[in-house]
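Please look at the sequence and the structure below. The text that follows goes through some surface patches and some cysteines.

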Amino acid sequence: MPVTLKLCTPMRQVAKIEAEYIQIPSSDGMMGVLPNHAPLRCVLQPGFVTCRLADGSEELYTVSTGLATVRDNEVVVLADSAEKGNEIDLERAAAAKERARERLSKMDSSVDMDRAELALQRSLIRLSAADKVQSL
Amino acid sequence: MAVDLQKLKRKMRGVSSTRQVTRALQMVASMRMRKAREQSIHSRIYREALHGLVETFEMPPASVVPELASTSTANEVLVVTFASDRGLCGPYNHNVLRVVDDMAFELGEENVRIKAIGIKVGGSLRRRGYGVLSNIRRPDAQDREFVLKELSRDLLEAWTSGRYRRIDLVYSSLDGMTVRKPVAVPWLPIPGFEEDSEEQGPAPVGKYIDEPVEGDVLRAAVLRTLENELLSAFLQSEASEHVARMVAMDNATRNAEELFTSLQLTYNKARQAKITQEICEIVAGANAIG
């Protein structure tokens with residue numbers, strides 16, 4: 001009887017695996033889940049979600065904060081973000097955040113797009129006006 | 001009928017090139033729509049699981065997020081509009097404007113404040129004299145998480161200031177391939193804030209182990225639900241924008257094609273008439289001589 005891990009983030013389903021044993025980083029500490037575990041709800045702390053599969057291999061995911069439920073041999077992890085593997089690239093995440101802040105505070109340079117769009121809008125209006133005149 | 005053949009030819013060229021552009025925009029919108037719909041579907045898995053989790057609790061949200069209680073003296077409504085940055089999408093943005101106008105009609109314009117995502121609507125509302133608190137472009141995939149987090153934080157701050165009696169989200173959702181007209185979806189106050197919810201989940205409520213404690217889990221779930229509703233509004237408005245643009249560009253392409261055909265007909269007739277006239281002149285001339 002396997003335990004199923006469903007690992008989701010707000011944007012995608014990261015994993016759906018059948019395992020013999022699953023470990024999740026609960027706020028009260030690492031929690032192991034075997035088949036027929038009692039129903040549980042927990043807040044997660046950042047850490048690793050690991051699964052030991054039937055063939056003995058292990059799957060590992062890195063999760064940030066989130067929530068998890070255990071019920072009916074299903075472990076549903078709702079992580080704020082998650083990635084396969086154990087690479088937490090903090091530097092890259094910090095750099096991305098900085099870029100985002102910069103981009104938002106800068107004046108945007110989409111003048112060309114706006115001009116092109118206006119030009120197209122004008123010609124569409126002309127088109128429909130011409131169409132009406134034709135049909136008179 | 002003296003029709004300027006040159007002018008007609010020029011017009012035909014103009015129409016033809018417009019058609020090329022509208023057709024290209026339609027195809028781009030189609031690709032983007034597909035991607036946006038996929039994202040919407042993927043995010044639904046999380047949303048439904050989160051909702052399922054919240055349903056397993058009996059305690060009312062009021063007990064875990066007391067700071068989100070309504071203020072009885074609040075008069076104003078804060079509206080978050082989700083619209084587009086670019087036009088050429090038919091009545092998409094106009095429909096969002098209408099919802100805001102209807103609210104202003106009902107509540108009084110001075111009681112409506114707006115945070116706009118998507119500058120087409122933000123700009124229009126500002127020009128009409130509405131109290132637009134912020135007007136930002138839609139963030140792209142990289143910035144989206146950050147922007148929505150900030151938005152959530154700003155909205156919660158606004159709520160706890162006690163100034164608003166409601167915070168609504170206005171956006172166009174997608175029903176299959178049909179764009180639904182936008183409506184104002186309530187965000188705060190949380191429905192059933194003070195009430196115990198009836199046991200809804202399949203597992204008996206109260207029989208869960210909670211870590212750290214039941215209240216903490218529910219609080220985390222409720223706050224995430226609020227954030228997720230913003231994400232959902234954003235993704236749905238994205239998908240519906242692209243569908244609206246597809247439809248608008250498709251219509252424009254068809255109009256251009258029809259006009260081109262009719263111009264071509266006119267041109268050919270005129271050309272033939274001209275040739276006929278020239279022949280007549282030649283024949284008349286020949287007859288005059290011989």
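The paragraphs below take the surface patches first and then the cysteines. The model is a predicted one.

Begin with the nonpolar surface of chain B. B:I275, B:I279 and B:V283 together make a nonpolar surface patch of about 240 Å². To find this patch, go to helix α5 of chain B, which spans residues 214–289 and holds B:I275. The relative accessible area of B:I275 is 39%. A patch residue needs over 30% relative accessible area, and B:I275 is classed as partly exposed because its value lies between the limits of 20% and 50%.

Next comes a charged patch. B:K7, B:K9, B:R10, B:K11, B:R13 and B:R271 form a positive surface patch. The most residues in the positive patch, 5, come from helix α1 of chain B, which covers residues 5–55. One residue to look at is B:K11, which sits in helix α1 of chain B. B:K11 has a relative accessibility of 44% and is therefore partly exposed.

Last, consider the cysteines. How many disulfides are there over all chains? The count is 0. A:C51, for example, is in no disulfide, and the nearest cysteine sulfur, which belongs to A:C8, is 13 Å away. A disulfide needs two cysteine sulfur atoms within 2.5 Å, so this pair does not qualify.

Is A:C51 buried or exposed? A:C51 is buried, because its relative accessibility is 1%, and the limit for buried is under 20%. Another cysteine, B:C280, is partly exposed, with a relative accessible area of 46%.

Methods: Residues numbered from 1 in each chain as written. Chains lettered and ligands numbered in written order. Predicted model: local features only at pLDDT ≥ 70, side-chain atom pairs only at ≥ 80, totals over all residues. Heavy atoms only, no water. Patch = residues over 30% accessible without salt bridge, like charges linked within 9 Å, V, L, I, M, F, W, Y side chains within 5 Å. Areas by Shrake-Rupley, 256 points an atom, 1.4 Å probe, with all protein chains shown as cover. Salt bridge = Lys/Arg side-chain N within 4 Å of Asp/Glu carboxyl O. Helix = DSSP H or I, 4+ residues; strand = E, 2+ residues; numbered from the N terminus. Buried < 20%, exposed > 50% of the residue type's maximum accessible area, 1.4 Å probe, protein only. Lys, Arg positive; Asp, Glu negative; His and termini not counted. Charge placed at Lys NZ, Arg CZ, Asp CG, Glu CD.
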